[in-house]
Amino acid sequence: MRDLRGTFGHGYTLVTPANHYPSRLPQLGDQPVVKLVTPRLAPSRIGEYLLTLHPSGGTVAPFDDDYETFLYVLDGLVQVEVGGEAELDPGGFAYLPPGTRYGLHAGDTGARVLAVKRAYEATPRREAPGVLVGHRDDEPYAPTPVPGFTRRELLPVDDPAFDFAMSLLRFAPGVGLDKVEIHDEEHGLYMTQGGGIYLLGDEHLEVTEGDFIYMAPYCPQSFTASGEGDAEYLLYKDTWRDGFGF
């Protein structure tokens, strides 16, 4: 049966694997890139991409621009060449500050990588962060006021030098957010496990592993996991800025 869940609404887009359209980037040659969202979709300030690296493949020319980048490995092994080499396995991540020149090389089984790219928004009297490499298992899930809802922060949330957060949110079966959120921050959301129902605007949409949602500022939003197992998603959110940048 065809998957017809992908949709475009007021303030949001749901992109499922059935909607993927492979593009190309000069740095990656013929390896497919799915542009999940870019600033062409106003008012998005981010690009989020699903990179598929061929076995033993990778960059044919380095990435080298003035944007900050966050990389998260979904599967496979990836060498990130950035003034040295860092090997990332599934759940490994790297934050690369603006102006970082880097390359990517996959192991012999290939790899899939999520990449978030955006212009850095400087703040007075603080330098931009440096390179940060880590793994999702470096920190345990932290409880929230909602029983069955936990989260992991991959980037420092108490450092105003960072202008965005990357968080893993996990929900036990049947558990959800305790409110409908409406706020200034935009989101890029990738379902890493399980599924459930996402409220976007006035629509209740089924989501499952591999789906991507872009949520514009002030889009009403909430989530409840299905009763079939834990659900988890990787969430981008801009932070520590007043909304007047760019």
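**Group meeting: one cavity, its lining, and the strands around the chain**

By the rule used here, the count comes to one cavity of 30 Å³ or more. I should say at once that this is a predicted model. The space in that largest cavity is about 40 Å³. As background, rolling a probe the size of a water molecule over the atoms shows where empty space is left.

Which residues line the largest cavity? The lining is made of Arg45, Arg118, Glu121, Asp163, Asp184, Asp238, Arg241 and Gly243. Several of these names come back when we turn to charges. Arg45, Arg118, Glu121 and Asp163 also belong to a network of salt bridges, together with Glu68.

Staying with salt bridges, how many does a search of the whole structure find? The search finds 13. I will go through three of them.

The pair Asp3 and Arg5 has its closest N and O atoms 3.0 Å apart. Asp3 counts as partly exposed, at 28% relative accessibility.

Next, Lys117 bridges to Asp65, and here the closest N and O atoms are 3.3 Å apart. Lys117 sits in strand 10 and Asp65 in the loop between strand 6 (63–64) and strand 7 (67–81), so this pair ties together parts that are 52 residues apart in sequence. Both partners are partly exposed: Lys117 has a relative accessible area of 28%, and Asp65 has 22%.

The third one is Asp137 with Arg152, where the closest N and O atoms are 3.4 Å apart. Asp137 lies in the loop between strand 11 and strand 12, and Arg152 in strand 13 (residues 149–153), so the pair ties together parts that are 15 residues apart in sequence. Are these two residues buried or exposed? Asp137 is exposed, with a relative accessible area of 52%, while Arg152 counts as buried at 11%.

Now the strands. In what order do the eight strands of the open sheet run? The order is 1-2-18-15-20-14-13-12, with antiparallel pairing. The edges are strand 1 (7–9) and strand 12 (142–143), each of which pairs on one side only. In general, strands of a sheet pair through backbone hydrogen bonds, either parallel or antiparallel.

Within that order, strand 15 (residues 187–193) and strand 20 (residues 231–238) are joined antiparallel by six bridges. If you want a register to check on the screen, Gly188 stands opposite Tyr236 in strand 20. Asp238, one of the residues lining the cavity, falls at the end of the range 231–238 given for strand 20.

Another antiparallel pair is strand 16 (residues 195–200) with strand 17 (residues 203–208), also with six bridges. There, Tyr198 stands opposite Leu205 in strand 17. This hairpin has two residues between the strands, and Gly201 takes a positive phi near 65 degrees.

That leads to the backbone geometry. Most residues other than glycine have a negative phi, and most peptide bonds are trans. Which places depart from that?

- Tyr218, which is not a glycine, has a positive phi of about 70 degrees.
- Trp240, also not a glycine, has a positive phi of about 60 degrees.
- The peptide bond from Ala42 to Pro43 is cis, with omega near 10 degrees.

As for where they are, Trp240 lies in the segment after strand 20 and is partly exposed, with a relative accessible area of 46%. Pro43 is in the loop between strand 4 (33–37) and strand 5 (46–53).

Tyr218 belongs to the loop between strand 18 (212–215) and strand 19 (221–225). Tyr218 also takes part in a nonpolar surface patch of about 320 Å², together with Val180 and Ile182.

One last residue, for reference, is Val131. Val131 is in the loop between strand 10 (101–119) and strand 11 (132–135), and counts as partly exposed at 45% relative accessibility. From Val131 to Arg45, C-alpha to C-alpha, is 21 Å in space, with their positions 86 residues apart in sequence. Arg45, to close the loop, is one of the residues lining the largest cavity and part of the salt-bridge network.

Note on methods:
Residues numbered from 1 in each chain as written. Predicted model: local features only at pLDDT ≥ 70, side-chain atom pairs only at ≥ 80, totals over all residues. Heavy atoms only, no water. Patch = residues over 30% accessible without salt bridge, like charges linked within 9 Å, V, L, I, M, F, W, Y side chains within 5 Å. Areas by Shrake-Rupley, 256 points an atom, 1.4 Å probe, with all protein chains shown as cover. Salt bridge = Lys/Arg side-chain N within 4 Å of Asp/Glu carboxyl O. Helix = DSSP H or I, 4+ residues; strand = E, 2+ residues; numbered from the N terminus. Pairing = 2+ DSSP bridges. Buried < 20%, exposed > 50% of the residue type's maximum accessible area, 1.4 Å probe, protein only. 1 Å grid on protein atoms, 1.4 Å probe; cavity = no way out; pocket = protein on both sides within 12 Å on 5 of 7 lines; lining within 4 Å. Points joined across faces, edges and corners; volume = space filled by probe spheres on them.
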